[in-house]
Amino acid sequence: QLTAEEQQYVARHRVITWALEENRPPFLYVEGGKIKGISIAYLDAISKKTGLIFKPQPVANFADGLNAVIEGQVDIMTSMRPTGERAVHLGFTPPFAYNAGVFLFRLNSQPRSPLRAGIEQGDAALIYLSQRFPDMKIIQAADNEEVISLLEKGLLDVAVMNEASAD
């Protein structure tokens, strides 16, 4: 049930633009020309309950989507962890999913020193890794698919991402 204030907001702001990252499974992805994922199911449920219309604005990757919402080019972005830096620019709802971070290694790999770690550009874990492991060589990729590809090719010792994307 929406409050009177929320109903007024919906009446004034019927269309909400959101940053569509096409390659963040299982949260957002395109399959057969259709946008799918956990975030889409959540936006659809909100739309049905409120009458809001969510209009996707394609972005190249997570980092571009984050910049687009900070700069006001889009209204919202889904599936993002709050950080202190992000909270300066953005408001966050309570999470609709809890998703742990994981490390992925190749079987029988021989890690180097310093360890080469791959992570998606803009991932919240980047700050943590930089502070906690200053000797680690961090390689940022456009998306998690690229991170996994670099790991498979032996160009990384470890891939860092959320558990759902790793699955």
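User: Where is the place of E71 in the chain?
Analyst: The model is predicted: local features need pLDDT of at least 70, side-chain atom pairs count only at pLDDT 80 or more, and totals for chains, interfaces and linings use all residues. Residues are numbered from 1 along each chain as its sequence is written, and side-chain values use heavy atoms, with hydrogens and water left out. Helices (H or I, at least four residues) and strands (E, at least two) are DSSP runs numbered from the N terminus. On that numbering, E71 sits in the loop between helix 3 and helix 4.

User: Does E71 count as buried or exposed?
Analyst: Buried means under 20% relative accessible area, exposed over 50%, and partly exposed in between, with a 1.4 Å probe and protein chains only. The relative accessibility of E71 is 57%. E71 therefore counts as exposed.

User: What distance separates the C-alpha atoms of E71 and H89?
Analyst: Along the chain, E71 and H89 are 18 residues apart. In space, their C-alpha atoms are separated by 9.0 Å.

User: Is W18 buried or exposed?
Analyst: W18 belongs to strand 1, which covers residues 15–21. Its relative accessibility is 2%. Because of that value, W18 counts as buried.

User: How many residues apart in sequence are W18 and P56?
Analyst: W18 is in contact (heavy atoms within 4.5 Å) with P56, once neighbours within four places in sequence are left aside. Its other contacts on that basis are L28, I35, I40, L43, F54, K55, Q57, V74 and I76. From C-alpha to C-alpha, W18 and P56 lie 5.1 Å apart in space, while their separation in sequence is 38 residues.

User: Which helix gives the largest share of the largest nonpolar core?
Analyst: A nonpolar core is a set of buried Ala, Val, Leu, Ile, Met, Phe, Trp, Tyr and Cys residues joined through side-chain atoms within 4.5 Å. The largest one has ten residues: A19, V59, F62, L66, A68, V69, V74, M77, M80 and L90. Its largest share is four residues, and these come from helix 3.

User: How many residues are in the second, separate core?
Analyst: This second core is separate from the largest one, and its members include W18, L20, L28 and I40. The total for this core is nine residues.

User: Which residues does F62 touch, not counting those up to four places away in sequence?
Analyst: F62 is one of the residues of the largest nonpolar core. Two of its partners, M77 and M80, are in that core as well. The full set touched by F62 is E21, R24, M77, S79, M80, R86, E120, Q121, G122 and D123.

User: What percentage of the residues of the chain count as buried?
Analyst: The secondary structure of the chain comes to seven helices and nine strands. The C-alpha trace spans about 60 × 35 × 25 Å along its principal axes. The chain has 167 residues, and the part that counts as buried is 35%.

User: Among contacts between residues at least 6 apart in sequence, what percentage join residues at least 24 apart?
Analyst: Contacts between residues under that first limit of 6 are left out of this value. Of the contacts that remain in the chain, those joining residues at least 24 apart make up 57%.

User: What share of the area that the chain exposes do carbon and sulfur atoms supply?
Analyst: Accessible areas come from the Shrake-Rupley method with a 1.4 Å probe; for residues, only the protein chains shown count as cover. The chain exposes about 10,300 Å². Of this area, carbon and sulfur atoms supply 52%.
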